[in-house]
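Here are my notes for a colleague opening this entry for the first time. Please read them with the structure on screen.

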Amino acid sequence: MAKRIRCKVKFGKFKWNRAGYAEAMNAPAVQGMVAKPARAIESACNASFTPDPGEGQGYVAKQVNGKLAKGYMVRTATPHAHNSERKHNRLLGALGSQGGS
């Protein structure tokens, strides 16, 4: 029978610093790390998408403002890309190829 092991960790009094978190997350270095995978997903999706004549990119990475920090969202840019996304699930495939960390 396996022996149960316990681990107790006490942090004491932790005080959340919202302004410091927002400042750190909105720093250019962190924003670069956040933007890189979003741009890679956008490129992967656009590589396999065939737009109609006269249509621009099918997928775009857009910076969004959250409550505490800025982030990125990759979405379809045209109705044709939206319908194609529903059929082929390119975003799910691109997210799976990015790996988890």
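**A salt bridge and its surroundings**

1. Start with Glu42. Glu42 is buried, with a relative accessible area of 11%. This is a predicted model, and every remark below applies to that prediction.

2. What does the side chain of Glu42 meet? Glu42 and Arg39 join their side chains in a salt bridge, at 3.8 Å from N to O. The count for the structure comes to one salt bridge. Arg39 is partly exposed, with a relative accessible area of 38%. The bridge therefore links a partly exposed residue to a buried one.

3. How far apart are Arg39 and Glu42 in helix α2? They are three residues apart, which puts about one helical turn between them.

4. Look next at α2 itself, residues 28–48. Does its length come out as expected or not as expected? The helix has 21 residues, and at 1.5 Å a residue it should span 30 Å. Its end C-alpha atoms are 30 Å apart, so the model agrees with the expected figure.

5. Which residues of α2 are buried? They are Val30, Gln31, Ala35, Ala38, Ile41, Glu42, Cys45 and Asn46. Glu42, from the salt bridge, is in that list.

6. Now the core. The largest nonpolar core has ten residues. They are Ala38, Ile41, Cys45, Phe49, Tyr59, Ala61, Val74, Ala81, Leu91 and Ala94. Three elements each supply at least two of these residues: α2, β1 (59–65) and α4 (90–98). The largest share comes from α2, with three residues.

7. Pick out Leu91 in this core. Which residues does Leu91 touch, leaving aside those up to four places away in sequence? The contacts are Ile41, Cys45, Tyr59, Val74 and Glu85. Among them, Ile41, Cys45, Tyr59 and Val74 are also core members.

8. Turn to the strands. β1 pairs with strand β2, residues 70–76, in the antiparallel sense. Seven bridges join the two strands. They form a hairpin, with four residues between them. Two facing positions are easy to check on screen. Gln63 stands opposite Tyr72 in β2. Val64 stands opposite Gly71 in β2.

9. Aromatic rings come next. How many aromatic pairs does a search of the whole structure find? It finds two. One is Trp16 with Tyr21, a tilted pair at 5.4 Å centre to centre, with 40° between the planes. Trp16 is partly exposed, with a relative accessible area of 48%. Tyr21 is partly exposed too, with a relative accessible area of 34%.

10. Phe49 and Tyr59 make up an edge-to-face pair. Their rings are 5.9 Å apart centre to centre, and the planes are at 90°. Phe49 lies in the loop between α2 and β1, and Tyr59 in strand β1, so the pair ties together parts that are ten residues apart in sequence. Are these two residues buried or exposed? Both are buried. Both also belong to the core in point 6.

11. Check the backbone at Asn89. Asn89 is found in the loop between α3 and α4. Its phi is near 50°, a positive value in a residue other than glycine. Most residues other than glycine have a negative phi. Asn89 is partly exposed, with a relative accessible area of 39%.

12. Move to helix α3, residues 79–88, where Arg86 is found. Is Arg86 buried or exposed? At 65% relative accessibility, Arg86 counts as exposed, because the cut-off for exposed is over 50%. Arg86 and Lys36 are 50 residues apart in sequence. Their C-alpha atoms are 25 Å apart in space.

13. Last, helix α1, residues 18–25, which contains Gly20. With 27% relative accessibility, Gly20 counts as partly exposed. Gly20 and Ser43 are 23 residues apart along the chain, and 33 Å separates their C-alpha atoms.

Notes
Residues numbered from 1 in each chain as written. Predicted model: local features only at pLDDT ≥ 70, side-chain atom pairs only at ≥ 80, totals over all residues. Heavy atoms only, no water. Core = buried A, V, L, I, M, F, W, Y, C linked by side-chain atoms within 4.5 Å. Buried < 20%, exposed > 50% of the residue type's maximum accessible area, 1.4 Å probe, protein only. Contact = heavy atoms within 4.5 Å. Pairing = 2+ DSSP bridges. Expected span 1.5 Å × (residues − 1). Salt bridge = Lys/Arg side-chain N within 4 Å of Asp/Glu carboxyl O. Phe/Tyr/Trp six-rings, centres within 6.5 Å; stacked < 30°, edge-to-face > 60°.
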